[in-house]
Every structure is written in structure tokens, then in C-alpha cells.
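Here is a short briefing to read alongside the model. Keep the viewer open and follow the topics one by one.

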Amino acid sequence: MTPRGPATEYQPRPSGPSVPDAISADQLDPEARSQLNSLPNDLADSVARYLVAAELEEDPEKGYSYTQAAKRLAARVGVVREACGIAAYRTSRWAEALSELRAARRMTGRDEYLPIMADCERALGRLDRALALVHEANAEGLNRAMQIELRIVESGIRRDQGHTDAAVLALHVPELTSGRLRPWSARLFYAYADALLAAGRAEEARDAFARAVEADTGGETDAADRLDELDGIEFEDLAESEDLEGLEDLEGVAEAEGVADADAEQSAEAEESAEAEELTDPEVTADPEDVAG
């Protein structure tokens with residue numbers, strides 16, 4: 001009989017991060033929720049709450065932890081892998097994001113992940129692969145927002161390759177001159193401004209950044225800061241400025257006191273010199289009676 005090894009204590013699987021009570025499974029997009037129908041109801045609700053929490057979470061790392069908890073419960077569901085990929089992308093885990101989105105694409109057959117996948121390849125320095133993914137997409141099967149995202153990624157790839165004119169050309173779309181603002185207009189104008197700046201067209205870039213500022217009502221980009229840089233505007237920290245002014249005042253007082261002390265010292269030296277001359281002058285130091293005699 002083969003002896004058994006020492007008994008090991010059962011270790012329960014660690015639970016995921018706590019989801020706020022205010023978050024419910026019903027908040028998940030109906031299309032995404034439909035992908036959870038293969039799961040038991042209680043499990044589907046738990047996964048849905050993790051996905052909603054990840055989407056609403058402002059801290060990228062915490063959002064990532066929510067998606068990892070969802071993956072531990074339902075790794076074979078496309079929407080879960082999609083959420084994991086997006087969360088990994090937001091935390092700059094490029095290779096992991098690429099792997100997760102590839103899995104999501106296989107499970108769902110959708111090309112909506114291609115802009116992010118191409119940007120991950122770009123971030124990893126694999127520009128040829130990134131460009132191949134851009135060209136692999138079936139643009140007709142994507143909504144306009146995704147088509148624009150592909151154009152933005154392609155422009156960045158061309159810029160990284162040193163083809164600045166091609167980077168500008170990639171963003172020549174009708175929406176650049178349209179007066180109608182869309183949810184992605186700020187990103188389009190910002191990317192176009194970046195491409196123009198790389199091509200040495202600073203004046204046109206300034207105009208594009210200005211349009212991005214106007215369209216970016218939610219603070220999605222740093223277009224306002226980029227515009228200020230082009231205009232040569234620099235903002236000093238108020239507290240630092242006040243400290244410097246106070247230091248200058250103290251230095252001025254110290255300088256004035258130093259001048260006064262120097263003047264007093266020079267005056268004292270002059271008096272001592274005069275007294276010394278009187279003592280050494282024969283006509284001044286001789287006794288009057290001796291002179292008369």
C-alpha cells in the first residue's frame with residue numbers, strides 16, 4: 001500500500017474585491033448581460049456586478065481587480081474577457097490586454113476590439129503588426145466611432161514610423177470640417193493636432209488643439225495644456241510665487257541693513273584715521289612751551 005503524504009488543509013478560493021452595495025446587476029448593458037445567460041442566475045448576477053463596478057470605477061487598478069474577479073468566475077464568457085482586456089489596457093498592461101482581447105474576439109467574432117489591439121501592438125513597438133491589425137478590420141462592419149478610433153491609431157503608427165504626412169492624411173475625414181460635434185470629436189481633433197505638430201505645421205496644430213478644447217467638455221484630453229504650451233503660457237504655483245516674493249523682500253531688507261552697516265563701518269574707520277593723523281603730526285603733538293622756547 002502506497003503511503004499517503006501529509007494531509008493538507010483545504011484553502012478556499014480568495015474572494016474578489018468588495019462591490020459597493022449601490023451597484024446592481026441590472027445596470028449592466030442588456031447586450032452584455034445576454035452573454036451571461038449561460039451562467040446560473042446567482043453567478044450571472046455576481047459577474048454582472050463586477051463588470052458594472054469595473055466600468056464605473058475611476059481608479060484603473062481597482063477596475064482591473066474587479067475584472068479579474070469576474071474572470072475567476074466566468075473566464076469562458078466573451079464580455080468578461082473583453083472587460084479584462086480593456087481594464088488591462090487602461091493600466092498599461094499591453095501584452096495582457098492584447099491576449100484578453102484576442103480571446104474575446106475569438107469568442108464573439110466581433111472586430112470592435114481591433115483599435116485597442118492595434119494600439120497595444122504599437123505600445124509594444126511592433127508597428128508592422130499594429131498596422132496589419134488596422135488593415136485587417138472590416139470597416140463596413142464597424143460603427144463610425146470605431147472607424148474613427150482606427151484612423152486615430154493608424155495616424156499614431158504612421159507618426160511613430162516617421163511618416164508625418166501620412167499621419168496627417170490618415171485623419172482626413174469629413175468630420176474634421178463638420179460643424180457638428182460628436183462624442184469622439186475631441187479625440188479626433190486632438191490626434192489631428194498632434195499629427196500636424198509632428199509635420200511641422202504649428203499654426204494649423206494650434207487651431208486643431210483649440211477645436212479639441214471646445215469639443216472636450218468632459219476633460220478627456222489635455223488639449224488646453226497643449227494649447228497653452230503652443231501659446232507660450234506658463235502658470236506658476238501661487239504659493240511658490242508668494243514665497244519667492246517674500247524671500248526677495250527679506251533679501252532687500254538684509255541688503256539695506258548691510259549697506260547701513262557698511263556706511264557706519266566706513267565712518268568709524270575715517271574717524272580713527274583722522275585721530276591717528278593728529279597724533280602723528282609734529283605740529284599738533286608738540287608742547288606749546290617747547291615751541292616758544
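The crossing of α2 and α4 is left-handed. This is a predicted model, and the points below are grouped by topic, beginning with that pair of helices.

**Helices α2 and α4**

- Helix α2 covers residues 41-56 and helix α4 covers residues 78-90; their axes come within 11 Å and cross at roughly 25°.
- That angle makes α2 roughly parallel to α4, because angles under 35 degrees count as roughly parallel.
- On the α2 side the contact uses V47, L51 and A54, and on the α4 side it uses V79, V80, A83 and R90.
- By character, the residues of this contact of α2 with α4 divide into six nonpolar, no polar and one charged.
- In general, an α-helix has 3.6 residues a turn, so residues three or four places apart point the same way.

**Inside helix α2**

- How far apart are the end C-alpha atoms of α2? They are 22 Å apart, which agrees with the 22 Å that its 16 residues should span at 1.5 Å a residue.
- The buried residues of α2 are A44, V47, A48, Y50, L51, V52, A53 and A54.
- Their cover includes α1 (30-34), α3 (60-73) and α4.
- A48, a residue of helix α2, has a relative accessibility of 0% and therefore counts as buried.
- Leaving aside neighbours within four places in sequence, A48 is in contact with A25, L28, R33 and L36.
- One of these partners, L36, is twelve residues from A48 along the chain, and the C-alpha atoms of the two are separated by 7.9 Å.

**The loop after α4**

- S92 is found in the loop between α4 and α5.
- Is S92 buried or partly exposed? S92 is partly exposed, with a relative accessible area of 44%.
- Its backbone deserves a look too: phi of S92 is near 65°, a positive value in a residue other than glycine.
- For background, most residues other than glycine have a negative phi.

**Helices α5 and α6**

- Helix α5 (residues 94-108) packs on helix α6 (residues 114-123) at an angle of about 150°, and their axes are 9 Å apart.
- α5 is therefore roughly antiparallel to α6, since the cut-off for that label is over 145 degrees.
- The crossing of α5 and α6 is left-handed.
- From α5, the contact is made by W94, A97, L98, L101, R102 and R105; from α6, the partners are L114, I116, M117, C120, E121 and A123.
- The residues of the contact of α5 with α6 divide into nine nonpolar, no polar and three charged.

**A132 in helix α7**

- A132 lies in helix α7, which runs over residues 127-136.
- With 44% relative accessibility, A132 counts as partly exposed.
- A132 and E121 are eleven residues apart in sequence, and their C-alpha atoms are 9.9 Å apart in space.

**Helix α10 and its surroundings**

- Helix α10 holds 14 residues (residues 185-198), and at 1.5 Å a residue these should span 20 Å; the end C-alpha atoms are 20 Å apart, which agrees.
- How many of the 14 residues of α10 are buried? Eleven are, which leaves α10 mostly covered.
- The buried ones are S185, A186, L188, F189, Y190, A191, Y192, A193, D194, A195 and L196.
- Covering these buried residues of α10 are, among others, α8 (144-160), α9 (164-169), α11 (202-215) and α12 (223-231).
- After α10 comes G200, whose phi is positive, near 80°.
- S155 has its place in helix α8 and is buried, with a relative accessible area of 1%.
- Not counting residues up to four places away in sequence, S155 touches A167, A170, L171 and A195.
- Of those contacts, A195 is also among the buried residues of α10.

**The whole protein**

- The protein has 15 helices and zero strands.
- Of its 293 residues, 33% count as buried.
- Among contacts between residues at least 6 apart in sequence, 52% join residues at least 24 apart.

Terms used:
Residues are numbered from 1 along each chain as its sequence is written. This is a predicted model: local features need pLDDT of at least 70, side-chain atom pairs count only at pLDDT 80 or more; totals for chains, interfaces and linings use all residues. Side-chain values use heavy atoms; hydrogens and water are left out. Axes are lines fitted to C-alpha atoms, for helices over the stretch in contact, and angles run from 0 to 180 degrees between N-to-C directions. Helices (H or I, at least four residues) and strands (E, at least two) are DSSP runs, numbered from the N terminus. Angles under 35 degrees count as roughly parallel, over 145 as roughly antiparallel, 65 to 115 as roughly perpendicular and the rest as oblique. A crossing is left-handed if the near helix is turned anticlockwise from the far one by less than a right angle, and right-handed if clockwise. Contact means heavy atoms within 4.5 Å. Ala, Val, Leu, Ile, Met, Phe, Trp, Tyr, Cys and Pro count as nonpolar, Asp, Glu, Lys and Arg as charged, and the others, Gly among them, as polar. The expected span of a helix is 1.5 Å times one less than its number of residues. Buried means under 20% relative accessible area, exposed over 50%, partly exposed in between (1.4 Å probe, protein chains only).
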